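This briefing is addressed to a reader who has the sequence and the model at hand. It treats a metal site, a ligand pocket and one buried residue in turn.

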Amino acid sequence: MATDIADYIRRLPKAELHIHIEGSLEPELMFSLAAKHGIKLPYADVEAVRRAYEFHNLQEFLDIYYAGAAVLVERSDFRDLMFAYLKRAHADGVVHSEIFFDPQTHTARGISTGTVIQGLTDGMAEGKRAFGITSELILCFLRHLSEEEAFKTLELAMPYRRLFIGVGLDSSEVGHPPAKFERVFARARELGLRVVAHAGEEGPPAYVTEALDLLKTERIDHGVRSEADPALCKRLAKMQMPLTVCPLSNVKLAVFKKASDHNLKRLMDLGLMVTVNSDDPAYFGGYMQDNFMAMAEGLKLTSAELKTLAANSITASFLPEPAKKQWLARIEGVAA
Ligand code: ADE
Ligand code: ZN
């Protein structure tokens, strides 16, 4: 019997490769942590927070997102945040997640790198126990700050080196090209860290080229603006360079007007290795299921295309090869 598309998507095992843990802070948890720490929020209630989530570009979102993170103070707060995300991701059929965190957002407020990483790791261990979901951490440098500050951030994280697998680059893109971080990424690679970077979200295709050539990234986060450069698209397709695309984020931040305008299918049709992700689900109106549904309905994706997206997420992950093989076989066996 044919099942509905929502059920099919949920049954496909998926990896999430582009999620900022601070972006999974739901207003309810924000309020309960604010009360716990005696922090006054600039919102009357949870509904007022949700009403404030109207953005016209990346910077408008980032200003609100960094302010919200101020309620994260103790190790257990980071644990609670992580556990809540993994529970939600598991409900959407996510079996593995590679999760960004922004240490500089917290160290700037006097919270130690150890508090952040250990709290997140506590939540990951609990998520594994409760739901069987596997996860890894990726430390992101804030690109609106200097490379020197990025080096300092990496150094502060070194006592916890075994607790994160890679580094990334996020925050305000335009005016802060990948070239600014060439040396710190070279250092991260020397340390055996995996490397990814946001590029081509609001920034030009040239930033994607820089991420590849100067940072030597293994995935491009977003990358949707690559479409404006056909030669770059050819190159990305040939390399099978994964793009971690975030459909609802792109609509909320006005990269595309509406879901049906999104270029995800056009990029797939050009042969690029595209994945679907949630970016900052508490701010953009949805987790993995909602992002897949927006594309399935908005772009009329077939069940075969949805299966390809799920398989791409596993292929593009940093899971060990045997685990990839197992999940790919499981995906293959999911009936539409
Ligand atoms: N930090 C959190 N979400 C982000 C995004 N979509 N782009 C850049 N930096 C971010
Ligand atoms: Zn992002």
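The zinc ion (ligand 2) has as protein donors His 18 (NE2), His 20 (NE2), His 198 (NE2) and Asp 279 (OD), at 2.0 to 2.3 Å. Donors are N, O and S atoms within 2.8 Å of the metal (3.2 Å for Na, K and Ca); water is not among the atoms, so sites may look incomplete. This is a predicted model: local features need pLDDT of at least 70, side-chain atom pairs count only at pLDDT 80 or more, and totals for chains, interfaces and linings use all residues. Residues are numbered from 1 along each chain as its sequence is written, chains are lettered from A and ligands numbered from 1 in the order in which they are written, and side-chain values use heavy atoms, with hydrogens and water left out.

**Zinc site**
- Along the chain, the donors of the zinc ion (ligand 2) have the spacing H-x1-H-x177-H-x80-D.
- His 18 is buried at 0% relative accessible area, and His 20 is buried at 4% (buried means under 20% relative accessible area, exposed over 50%, partly exposed in between; 1.4 Å probe, protein chains only).

**Ligand 1**
- A nitrogen atom of ligand 1 lies 2.6 Å from a polar side-chain atom of Asp 280.
- A nitrogen atom of ligand 1 is also 3.4 Å from a side-chain N or O atom of His 20.
- The protein covers 100% of the 260 Å² of accessible area that ligand 1 has on its own (Shrake-Rupley method, 1.4 Å probe; for residues, only the protein chains shown count as cover).

**Gln 104**
- Gln 104 is buried, with a relative accessible area of 7%.

Notes
Polar contact = N/O pair within 3.5 Å; in protein donor to acceptor, adjacent residues only side chain to side chain.
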